[in-house]
Amino acid sequence: MKHQPHKGLFDEHDVLAKLNALNDLLPRLGRMIDWEAFRPVVEKAFPAHDPRKGGRPPYDRVMLLKVLVLQRIYDLSDDAAEYQINDRLSFRQFLGLELQHRVPDAKCIWHYREQLRKAEVFDALFDAFVERIEAAGLLLNQGKIVDATMVKAPVQRNSRDENECIKQGRAPRGWSPSKARQKDIDARWGSKHGKHHFGYKNHVKVDRHSKLIDNFVVSPANMHDSQALPDLAEDRDAGQQYLADSAYGTPDNHAAMREMEISLQAVEQARRNKPLTERQRLWNKVRSRVRARVEHVFGHMTMCIKGLTIRCRGLDRAHAQIAMANLTYNFQRVLYLNRNAMGNV
């Protein structure tokens, strides 16, 4: 094979075209999502830059938001994200960075995420995108599915006395400031399907037909699923059905949903000396067949965006990470639902 001795004018373009043919996820994500629509939301988290004061101009804030999306899709730490952006042409293309452009370092990525978290911007980003997909007709609003899944956090190795203090909502005595910074006193142990997990719960409300997440609540893992339902319910859901498993079918939840004109269709559970009737078993089968669609959401988040594992400390940071995972899932789901459309969302 004869090697080309010099770099050609279109070599970089040809390499990117080959990469896009092999995996077109990032090009489609960059093309079909209206990223500029997020700019007013993220800019509110940062003070205005005065060029008269000098100093290096800040990185583009929307570009940094796309870095957080890359981290979620490819399960990258801040240091790994910095390296991969420098190394991969496909990442640079998605971010709009050419070879002569500076790449944000790990500290810059961390600071950007912290600024968004402190300004509570992640919820605003999620809500803004939900409004856009609803305006685009992708949310059918013909029924919702409610469920929760565990989000694993790094397990804490504490003594029994330390755990008792943590359960009471206070830091144990004797912890130095450096040790306390490494401890997560908000995460809890919880069990689901007979397995114990340490971390948090991602409670979601999913559109029945489109399988898009339109609301979520983050809690410690020991919070019962049914307690999040009032926070998931919204006035705009009046007249719709909520499909849920038997854990949600408490008298308080039924009363709260009736007040909001929402029909709570929870799977009915047999009691001692009170077996289910044939009609109840039939209805449970129908409900479960539809309710199982939420497992597709959790399966995608586990396999494709690693959204059910986090590496952070504290409920605030966990909320930010999980919100970003839910938003990234909606991005990818919109790509599938809108795959034949020419416009962006």
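**Exercise 1.** In this predicted model, decide whether E36 is buried, partly exposed or exposed, and then find its salt-bridge partner.

*Solution.* Start with the relative accessible area of E36, which is 45%. Partly exposed covers the range between under 20%, which is buried, and over 50%, which is exposed, so E36 counts as partly exposed. Next, look for a partner of opposite charge: E36 forms a salt bridge with R39, and the closest N and O atoms of this pair are 2.8 Å apart.

**Exercise 2.** Work out which parts of the chain are tied together by the salt bridge between R113 and D78.

*Solution.* First, the contact itself: the closest N and O atoms of R113 and D78 are 2.8 Å apart. Second, R113 belongs to helix α7 (residues 106-118) while D78 belongs to helix α5 (residues 78-87), so the salt bridge ties together parts that are 35 residues apart in sequence. Finally, both R113 and D78 are buried.

**Exercise 3.** Repeat the reasoning for the salt bridge between D147 and R291.

*Solution.* Here the closest N and O atoms are 3.4 Å apart. Because D147 is in strand β1 (residues 144-152) and R291 is in helix α13 (residues 278-291), this pair ties together parts that are 144 residues apart in sequence. As a last step, check the cover: both D147 and R291 are buried.

**Exercise 4.** Name the residues that make the nonpolar surface patch of about 260 Å², and place L19 in its helix.

*Solution.* The patch is made by V15, L19 and L22. Of these residues, L19 lies in helix α1, which spans residues 11-22, and its relative accessibility of 32% means that L19 counts as partly exposed.

Conventions
Residues are numbered from 1 along each chain as its sequence is written. This is a predicted model: local features need pLDDT of at least 70, side-chain atom pairs count only at pLDDT 80 or more; totals for chains, interfaces and linings use all residues. Side-chain values use heavy atoms; hydrogens and water are left out. Patches are made of residues with over 30% relative accessible area and no salt bridge: like charges are joined within 9 Å, nonpolar side chains (Val, Leu, Ile, Met, Phe, Trp, Tyr) within 5 Å. Accessible areas come from the Shrake-Rupley method with a 1.4 Å probe; for residues, only the protein chains shown count as cover. A salt bridge is a side-chain nitrogen of Lys or Arg within 4 Å of a carboxyl oxygen of Asp or Glu. Helices (H or I, at least four residues) and strands (E, at least two) are DSSP runs, numbered from the N terminus. Buried means under 20% relative accessible area, exposed over 50%, partly exposed in between (1.4 Å probe, protein chains only).
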